[in-house]
Amino acid sequence: MSLSHIDSNKNTKDAKLLLPIYPRVAPLQKIFIDDLTATHSMDRRRQWRVPWFILLMCFMQISLHLISNECMQRRLIYRPESCHEYWRYFTYMLLHADVWHLSINMCLQCFIGIWLELEQGHCRVGLVYIAGGICGALANAWLQPELLLLGASAGVYAMLCSHVPHLVLNFSQLSHRFVRIAVILILLVSDVAFTVYHFCINHNRNPRISLDAHLGGILAGFLCGFIFYRRLERISTTTTTWHFLSTRSA
């Protein structure tokens, strides 16, 4: 038997040994590549909806920051001893300590909430946002009753953590799923790192962070996402194309 024949038999055996591996690896590679490049067959018209709730919140927060005075802030800020004044559970999220505080919260709520609102709708995202603010105020009143509260951080955290139930309910329907997961993890890890640094180095002063309000918003967003969010319907591409062509021909 020639050496070339022996080498060819050896290569054939090696290929047979590798064959069981590739059927397992290839689908994973295909799923990941399709997730980054493919356009899923959801109704793409949702991308063109206007995120009215997020825009309304940004408009009110900017307006109040510009026009509010000391008297208005006293009436709108959350005070645990004024818990019977129910509007404070929402209005404290419209106030911010300074321009930096306002800018950070606005950028985060736009980055986190706009795409979520386009996919889940105004009312559902609004309910999660407000529920996060209410739970953040209650957690702050329970654990730090001497601390006044202002800022939209609890609502922002609620929207951030509501991405988890949104992904769980609609994982097969969403595009860029792994990118979304990576972004959520990066934001959470970055915030935890900053909070630890602020508590250890600055001893939670200037500004003073209400960790209890943040945790209340996180818990509310996670739970309310499963309660309020819905499964997205998938519309086939062929049906959408046929409907478009029929409309054009008519």
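## A walk through helix H8 and its neighbours

Helix H8 has 18 residues, which at 1.5 Å a residue should span 26 Å, and the distance between its end C-alpha atoms agrees, at 26 Å. This comes from a predicted model, so every value below is computed from predicted coordinates. H8 runs over residues 153-170, and the helix is mostly covered, with 16 of its 18 residues buried.

It helps to step back to the whole chain for a moment. The chain holds 11 helices and zero strands, so its pattern along the sequence reads α-α-α-α-α-α-α-α-α-α-α. Of its 250 residues, 37% count as buried. Among the contacts with a separation of 6 or more, 80% are made by residues 24 or more positions apart.

Now back to H8, and to two residues that sit side by side in it. Ser-162 belongs to this helix, and Cys-161 does too. Are they buried or exposed? Ser-162 has a relative accessible area of 0%, so it is buried. Cys-161 has a relative accessibility of 10%, under the 20% cut-off, and therefore also counts as buried.

What do these two residues touch, once neighbours within four places in sequence are set aside? Ser-162 is in contact with Leu-116, Val-128, Gly-221 and Tyr-229. Cys-161 is in contact with Ile-218, Gly-221 and Phe-222. Gly-221 thus appears in both lists. Cys-161 can also be placed relative to Ile-184: the two lie 23 residues apart along the chain, and their C-alpha atoms are separated by 8.1 Å.

Val-128, one of the contacts of Ser-162, leads on to helix H7, which covers residues 122-143. H7 and H8 pack with their axes 7 Å apart, at an angle of about 125 degrees. Why are these two helices called oblique? An angle over 145 degrees would count as roughly antiparallel, and 65 to 115 degrees as roughly perpendicular, with the rest oblique; the pair H7 and H8 is therefore oblique. Their crossing is right-handed. On the H7 side, the contact is made by Val-125, Val-128, Tyr-129, Gly-132, Gly-133 and Gly-136. On the H8 side, the residues are Ala-154, Gly-155, Val-156, Ala-158, Met-159 and Ser-162. By type, this contact has seven nonpolar residues, five polar and no charged.

H7 also packs against helix H6, which spans residues 99-120. The axes of H6 and H7 come within 7 Å and cross at roughly 140 degrees, which makes H6 oblique to H7. From H6, the contact uses Gln-109, Leu-116, Glu-117 and Gln-120; from H7, it uses His-122, Arg-124, Val-125 and Tyr-129. Here the residues divide into three nonpolar, three polar and two charged. Leu-116 is a name to remember, since it is part of this contact and also touches Ser-162. Val-125 and Tyr-129 take part in the contact with H6 and in the contact with H8.

The same stretch of chain meets a residue from much earlier in the sequence. Phe-53 is found in helix H3, residues 52-67, and has a relative accessible area of 14%, so it is buried. Beyond its neighbours within four places in sequence, Phe-53 is in contact with Glu-117, His-122, Val-125, Gly-126 and Tyr-129. With Gly-126, the C-alpha to C-alpha distance is 6.5 Å, although 73 residues separate the pair in sequence.

On the other side of our tour is helix H10, residues 211-228. H10 has 18 residues and reaches 25 Å from its first C-alpha to its last, close to the 26 Å expected. Which residues of H10 are buried? They are Asp-212, Ala-213, His-214, Gly-216, Gly-217, Ala-220, Gly-221, Cys-224 and Gly-225. These buried residues pack against H7 and H8, and Gly-221 is the one already met as a contact of Ser-162 and of Cys-161.

The last stop is the loop between H9 and H10, home to His-203 and Asn-204. Most residues other than glycine have a negative phi. His-203, however, is not a glycine and has a positive phi of about 55 degrees. Asn-204 likewise has a positive phi, near 55 degrees, and with a relative accessible area of 12% it is buried.

Notes: Residues numbered from 1 in each chain as written. Predicted model: local features only at pLDDT ≥ 70, side-chain atom pairs only at ≥ 80, totals over all residues. Heavy atoms only, no water. Helix = DSSP H or I, 4+ residues; strand = E, 2+ residues; numbered from the N terminus. Buried < 20%, exposed > 50% of the residue type's maximum accessible area, 1.4 Å probe, protein only. Contact = heavy atoms within 4.5 Å. Axes fitted to C-alpha atoms, helices over the stretch in contact; angles between N-to-C directions. Parallel < 35°, antiparallel > 145°, perpendicular 65-115°, else oblique. Left-handed = near helix turned anticlockwise from the far one by under 90°. Nonpolar A, V, L, I, M, F, W, Y, C, P; charged D, E, K, R; others polar. Expected span 1.5 Å × (residues − 1).
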